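Student: I am new to this structure and would like a close look at a single part of it. Please take one residue, go through its surroundings, and then move on to other parts.

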Amino acid sequence: MIIGCHLSTGQGFARAVQNAGRLGADAFQYFPKNPRSHRLKPVDREESARGAEAARAAGVVTVAHSAYVTNLSTGDPKLRETTIASIVNELELCEALGTRWLVVHCGKHLGEGETVGVRRMVEAIDEVMARYQGPCRLLLENTAGQGSELGRTVDELLAIHEALACRERVGFCLDSCHAFASGLLTPGGLDRFLEEVTRPEFARELEVIHLNDSKAGPGEHVDRHALLGQGQMGELLKELVRHPLLQARPVIIETPVEHEDQYADEIRLARRWAEQAGT
């Protein structure tokens, strides 16, 4: 199992690589730029090359996460252009750091309806990938269905993906907390959930797993992560960790630790659950 956590790069990307090793992580996720801003960040080629080499030398897999302020379904022309430019910038930053994937949240239709929201999201993603021609792949993350969020189910994600002109350059990220909060994964419903996410048309595009427990109950549509084993998912999370789906893809923990050192305990716990199944 390739497993890691979300780390800060505030002290430099190379330092984050070192921290990953110290925590026992095989991988880490990071924000390419300020997650609360659309402001573009210049690509420092020299520093990025050093960071990429540090990750390669350490054998650490890296995943990036787009800014939280992103809304790919916005109907505001100015905000749409700002959003597209911001994601293109993030993809360029990722490429310079040798990162293969940028995870992005699905759009919010803000009361204008799912049909309109999906159309705008598809058009925005196609524009992003028309402007960015590099190797970093954009990954659509399933949502908890909070408010007017799109992408709650496998069918919804596949419908968005199928409508893209650039679909071969776009994949999926699966978040366990979001799946539980959306009702996609429920107590007693693990087999049904696994049938959905292992469908060939979804599984072949699934690149990264987010492993999080949930403070909210099943189907409550509230996105609140919990420490592993301390939320409402119970045995579901342990059973999910033991499934081959997680053995073949980078697994990133995004639980609400008080400090990054606590991720070492989260990683050890997830590995222990996996080992109990003989994986």
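Tutor: In this predicted model, the side chains of His-225 and His-178 are joined by a polar contact of 3.4 Å. A second polar contact, of 3.3 Å, links the side chain of His-225 to that of Asp-223. His-225 belongs to strand S9. His-225 counts as buried because its relative accessibility is 17%, and the cut-off for buried is under 20%. Setting aside neighbours within four places in sequence, the residues in contact with His-225 are Asp-175, Cys-177, His-178, Asn-212, Asp-213, Lys-215, Glu-254 and Pro-256.

Next comes a residue in a loop. Val-222 sits in the loop between strand S8 (213-214) and strand S9 (225-226). Val-222 has a relative accessible area of 28% and is therefore partly exposed, a class that lies between the cut-offs of 20% and 50%. Residues up to four places away in sequence not counted, Val-222 touches Ala-144, Gln-146, Ala-181 and Ala-216. Phe-180 is 42 residues from Val-222 along the chain, and the C-alpha atoms of the two are separated by 9.6 Å.

Now to the strands with low numbers. Strand S2 covers residues 27-30; Ala-27 and Gln-29 point one way from it, Phe-28 and Tyr-30 point the other way, and all are buried. S2 pairs with strand S1 (residues 3-6) in the parallel sense, over 3 bridges. One residue pair in this arrangement is His-6 with its bridge partner in S2, Gln-29. Between S1 and S2 the chain passes through helix H1 (residues 13-23), and this β-α-β crossover is right-handed.

S2 also runs parallel to strand S3 (residues 61-65), to which 4 bridges join it. Here Phe-28 stands opposite Thr-62 in S3. To get from S2 to S3 the chain goes through helix H2 (residues 45-58), in a β-α-β crossover that is right-handed.

Last, a helix. In helix H5 (residues 154-163), the buried residues are Val-154, Glu-156, Leu-157, Leu-158, Ile-160 and His-161. These buried residues pack against three helices and two strands: helix H4 (114-131), helix H7 (190-197) and helix H8 (200-203), together with strand S5 (137-141) and strand S6 (170-175).

To return to the starting point, the side chain of His-225 has polar contacts with the side chains of His-178 and Asp-223.

Conventions:
Residues are numbered from 1 along each chain as its sequence is written. This is a predicted model: local features need pLDDT of at least 70, side-chain atom pairs count only at pLDDT 80 or more; totals for chains, interfaces and linings use all residues. Side-chain values use heavy atoms; hydrogens and water are left out. Buried means under 20% relative accessible area, exposed over 50%, partly exposed in between (1.4 Å probe, protein chains only). Contact means heavy atoms within 4.5 Å. Two strands pair if DSSP finds at least two bridges between them. A crossover is right-handed if, with the strands pointing away from the viewer, the path from the first strand over the helix to the second runs clockwise. A polar contact is a pair of N or O atoms within 3.5 Å; within protein, one must be able to donate a hydrogen and the other to accept it, and residues adjacent in sequence count only if both atoms are side-chain atoms.
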